[in-house]
Amino acid sequence: MNNITVIGSGTMGNGIAHVFAQNGYKVSLVDINQAALDKALATISRNMDRQVAKGSLSEEDKNTALSKIKTFTSLKAGIEHADLVIEAATENLQIKLDLFKQLDELSKDEAILATNTSSISITKIAAATTRPDKVIGMHFMNPVPVMKLVEVIRGYATSDEVTAKIMDLSKKLDKIPVEVNDYPGFVANRILMPMINEAIYTLYESVAGVEEIDTVMKLGMAHPMGPLQLADFIGLDVCLSILRVLHEGFGNPKYAPCPLLVNMVEAGFKGVKTGEGFYKYTPGVKEFTVSPQFTK
Ligand code: CAA
């Protein structure tokens, strides 16, 4: 596998393109508009600069990696040579089903179709194609260039051969793949999201404040970020939609999203991307403070 197409140039898509290009693969990055693609290239370049500044990447290797990324606004042109397509588009079931139907029609017969979904059923996505044996989950973690894990999710019909190829490819990216089966939330989010939801309930029930909850988990459990800060970083809308997948998929009330999370998403307080969630953020500034909503 040498030609990799990444669909969607947001945070996850540009991180995935970054890692493949840095490891010598030819990357076609596809999005619906050129402005999003230009922004993604600028982000990749900035993130590679961090690695150059640390000495983990040379300026020359950075330029070689950037030259391996080509951008496309046409899906057909972007995937015609792909050996592997990785979809990192919006986390919406209908969008993914429509997209995979098109990917199936437009890509080479032998191409593997992967999705970076954080919780949508791989089996359901695979059923929208004529090649369910070649559809697989390849779930990278944010920030993709930093985080070592790739959760490799086998759909009901994914073949052993395709799974082995994706496990092997992930190792070539200097990542550590873990193979899991396709049930709601897979492993990562089945465990992470109830923890985040419980942290939100702890705040909602006034057991402690935002900083106190995060400090307990950072200092007590050695987590790099507290659960409320992590929820802001992931996106509160994303957390809510994953909890809904768990709640619906298992039919168990223990996964019911905290009403505070629902209210925050409905009010547009979605975390870092909207400037405010449990904390308030200023673009370009590393420091942040507890949202005024929680200091009253
Ligand atoms: N590209 C390249 N390098 C990056 C980067 C990026 N996008 N983001 C951060 N880095 C590098 C920095 O240059 C820095 O490198 P050094 O330590 O070698 O100098 C290092 O990563 C740490 O970055 P910072 O100093 O800026 O900040 P930090 O120490 O606070 O670390 C963090 C930032 C890595 C994000 C850390 O806070 C962390 O690990 N947080 C938890 C992340 C996490 O849990 N991710 C999973 C989210 S869940 C998910 O993704 C899946 C899902 O389905 C919801």
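## Ligand shell

In this predicted model, the shell around the ligand is made up of 10 nonpolar, five polar and three charged residues. It counts 18 residues around the ligand, and R50, K54, H139, N142 and N189 come nearest.

Three helices stand out as sources. Each of α2 (34-54), α8 (188-204) and α10 (227-234) gives the shell at least two residues. Helix α2 makes the largest contribution, with three residues. The shell also draws on two domains: domain 1 (3-181) and domain 2 (189-290) each provide at least three residues.

## Polar contacts and burial

Which side chains place an N or O atom by a ligand oxygen? In N189, such a side-chain atom is 2.8 Å from an oxygen atom of the ligand. In K54, the corresponding distance to a ligand oxygen atom is 3.1 Å. N47 faces another element: a polar atom of its side chain lies 3.4 Å from a nitrogen atom of the ligand. How much of the ligand is buried by the protein? On its own the ligand exposes 1000 Å², and the protein buries 68% of that.

K54 and N189 thus appear twice, among the residues that come nearest to the ligand and in the distances to its oxygen atoms, at 3.1 Å for K54 and 2.8 Å for N189.

## Second largest pocket

Rolling a probe the size of a water molecule over the atoms reveals where empty space remains. The second largest pocket holds about 250 Å³ of space. Where does this pocket lie? Domain 1 (3-181) and domain 2 (189-290) both contribute to its lining, so the pocket lies between them.

The lining includes L93, S119, I120, S121 and K124. D182, Y183 and P184 also line the pocket, as do R244, V245, E248 and G249. Helix α11 (residues 236-250) gives the most to this lining, with four residues. By class, the lining has five nonpolar, three polar and four charged residues.

## Backbone features

Most peptide bonds are trans, and most residues other than glycine have a negative phi. Two sites depart from this pattern.

One is the bond between N142 and P143, which is cis, with omega about -5°. P143 sits in the loop between β6 (135-140) and β7 (149-154). N142, on the other side of that cis bond, is one of the residues that come nearest to the ligand.

The other is F186, a residue other than glycine whose phi is positive, near 55°. F186 is found in the loop that runs between β8 (176-181) and α8. Helix α8 itself supplies at least two residues of the ligand shell.

Conventions: Residues are numbered from 1 along each chain as its sequence is written. This is a predicted model: local features need pLDDT of at least 70, side-chain atom pairs count only at pLDDT 80 or more; totals for chains, interfaces and linings use all residues. Side-chain values use heavy atoms; hydrogens and water are left out. A residue is near a molecule or strand if one of its heavy atoms lies within 4 Å of it. A polar contact is a pair of N or O atoms within 3.5 Å; within protein, one must be able to donate a hydrogen and the other to accept it, and residues adjacent in sequence count only if both atoms are side-chain atoms. Accessible areas come from the Shrake-Rupley method with a 1.4 Å probe; for residues, only the protein chains shown count as cover. Ala, Val, Leu, Ile, Met, Phe, Trp, Tyr, Cys and Pro count as nonpolar, Asp, Glu, Lys and Arg as charged, and the others, Gly among them, as polar. Domain bounds come from an automatic or database domain assignment. On a 1 Å grid over the protein atoms alone, a cavity is a set of points where a 1.4 Å probe fits but cannot get out, and a pocket is an open set with protein on both sides within 12 Å along at least five of seven lines; lining residues have an atom within 4 Å of a point. Grid points are joined across faces, edges and corners, and a volume is the space filled by probe spheres set on the points.
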